[in-house]
Amino acid sequence: MRTTHQPIESALRPSGEVAEALERGAPVVALESTIISHGLPQPRNLEVAAELERIVRDAGAVPATIAVLDGVARIGLDEGELERIATEPGLRKLGFRDLPAAAALRASGATTVSATSFLAARAGIRVFATGGLGGVHRGWVETQDESADIDMLSRTRITVVCAGVKSILDVPATLQRFETRGITVAGFGTDEFPGFYLHTSGERVDWRIETPEEAAGVMRAQDALGGPETALIVANPVPRDRQLDPALHDRVLAEALEAAERQGVSGQAITPFLLSYLVKGTDGASLEANLAAVRGNARVAGLIAAAWSRGN
């Protein structure tokens with residue numbers, strides 16, 4: 001039986017700027033596109049997309065916002081492509097498992113953490129900035145609901161700068177799964193795992209790093225040691241003065257969980273339901289905390305990518 005393989009150039013298309021930067025070993029930071037298409041209202045989503053790219057540039061790196069357009073994974077978007085992600089109705093949300101179908105059927109969609117991590121690493125990008133990761137859902141014993149982010153990060157050599165995992169999740173169970181799957185977690189200037197909207201989740205981390213250079217050093221040690229191609233999570237907390245009020249967060253989240261149970265919301269629908277409930281229940285304050293976290297993560301990711309590039 002004859003097997004043919006699609007050339008990587010046809011399935012994965014870096015922008016000219018990103019391709020040139022990768023060729024000369026310049027720092028590049030991957031950015032996901034789901035926050036643009038599904039996380040923010042128009043026209044603010046396009047403004048934030050441009051702002052995050054500016055933050056990465058100011059930190060000394062080339063931004064590579066990732067999305068799939070007409071079946072082709074675009075690694076770095078121009079202004080028109082960013083606008084398309086921000087405004088096209090019915091745009092799909094693509095995880096890693098959706099990429100082959102999207103490519104074959106020439107579909108378009110924004111990429112989640114799992115898809116962005118895979119595509120970034122496939123393109124040769126080592127650093128990725130996002131808001132909060134997925135993880136183990138509450139009630140896992142009954143539902144077995146666990147984000148695909150964990151599996152992807154357990155077999156993808158990429159450094160993800162994030163504000164922890166989404167606070168709607170079971171944070172202790174998620175950290176245990178990171179340990180089991182060999183995913184290194186380091187707090188950036190903190191001994192505690194961030195709480196996404198909150199400065200801290202109250203859970204400790206085993207490792208603390210203070211500078212982008214220390215993060216780059218951990219990345220080099222990963223490569224020197226070899227072993228499974230696992231990720232490094234750099235957990236960068238939202239500043240205390242920009243976090244969501246913890247008491248408000250806990251109250252609204254409890255209400256959201258009760259509403260989800262009452263309405264029978266489960267599976268893939270539970271995360272967008274809870275996050276939307278938090279936005280409404282906090283009068284948008286949770287969204288502002290999320291954006292503050294993403295901005296900080298984009299900056300730190302740019303600095304880490306620059307430090308990584310200087311040492312290679």
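The exercises below work through side-chain pairs and one annotated site in a predicted model.

Residues are numbered from 1 along each chain as its sequence is written, and side-chain values use heavy atoms, with hydrogens and water left out. Because the model is predicted, local features need pLDDT of at least 70 and side-chain atom pairs count only at pLDDT 80 or more, while totals for chains, interfaces and linings use all residues.

**Exercise 1. Describe the aromatic pair of Phe196 and Tyr197, and state whether each residue is buried or exposed.**

Solution. A pair of aromatic rings is described by the distance of the centres and the angle of the planes. Rings of Phe, Tyr and Trp (its six-membered ring) pair if their centres lie within 6.5 Å; planes under 30 degrees apart count as stacked, over 60 as edge-to-face and the rest as tilted. The structure holds three aromatic pairs, and in one of them the centres of Phe196 and Tyr197 are 4.5 Å apart with 40° between the planes, which makes the pair tilted. For the second part, buried means under 20% relative accessible area, exposed over 50% and partly exposed in between (1.4 Å probe, protein chains only). Phe196 has a relative accessible area of 3% and is therefore buried, and Tyr197, at 3%, counts as buried too.

**Exercise 2. Work out where Glu213 and Arg310 lie and which parts their salt bridge ties together.**

Solution. A salt bridge is a side-chain nitrogen of Lys or Arg within 4 Å of a carboxyl oxygen of Asp or Glu, and the whole structure has 16 of them. Between Glu213 and Arg310 the distance from N to O is 2.8 Å. Helices (H or I, at least four residues) and strands (E, at least two) are DSSP runs, numbered from the N terminus. Glu213 belongs to helix H11 (residues 212-225) and Arg310 to helix H14 (residues 285-310), so this salt bridge ties together parts that are 97 residues apart in sequence. Glu213 is partly exposed, at 43% relative accessible area, whereas Arg310, at 58%, is exposed.

**Exercise 3. Set out the surroundings of two further salt bridges, Glu81 with Arg74 and Glu210 with Arg208.**

Solution. Glu81 and Arg74 meet at 2.7 Å, N to O, and both of these residues are buried. Glu210 and Arg208 meet at 2.5 Å, N to O; here Glu210 is partly exposed, with 44% relative accessible area, and Arg208 is also partly exposed, at 37%.

**Exercise 4. Which residues does UniProt place in the feature "binding site", and why can they be said to gather at one spot?**

Solution. The unreviewed UniProt entry gives this feature at Lys93, Val113, Ser147, Ala148 and Asp149; UniProt positions are given in the numbering used here, feature names are shortened, and annotations may be inferred rather than shown by experiment. These residues span 57 residues in sequence, yet no two of their C-alpha atoms are more than 14.2 Å apart, so they gather at one spot. Looking at two of them in turn, Ser147 is found in the loop between helix H8 (140-143) and helix H9 (148-153), and Ser147 is buried, at 16% relative accessible area. Asp149 lies in helix H9 and is buried as well, at 8%. Contact means heavy atoms within 4.5 Å. Leaving aside neighbours within four places in sequence, Ser147 is in contact with Gly134 and Gly135, while Asp149 is in contact with Val113, Ser114, Leu133 and Gly134.
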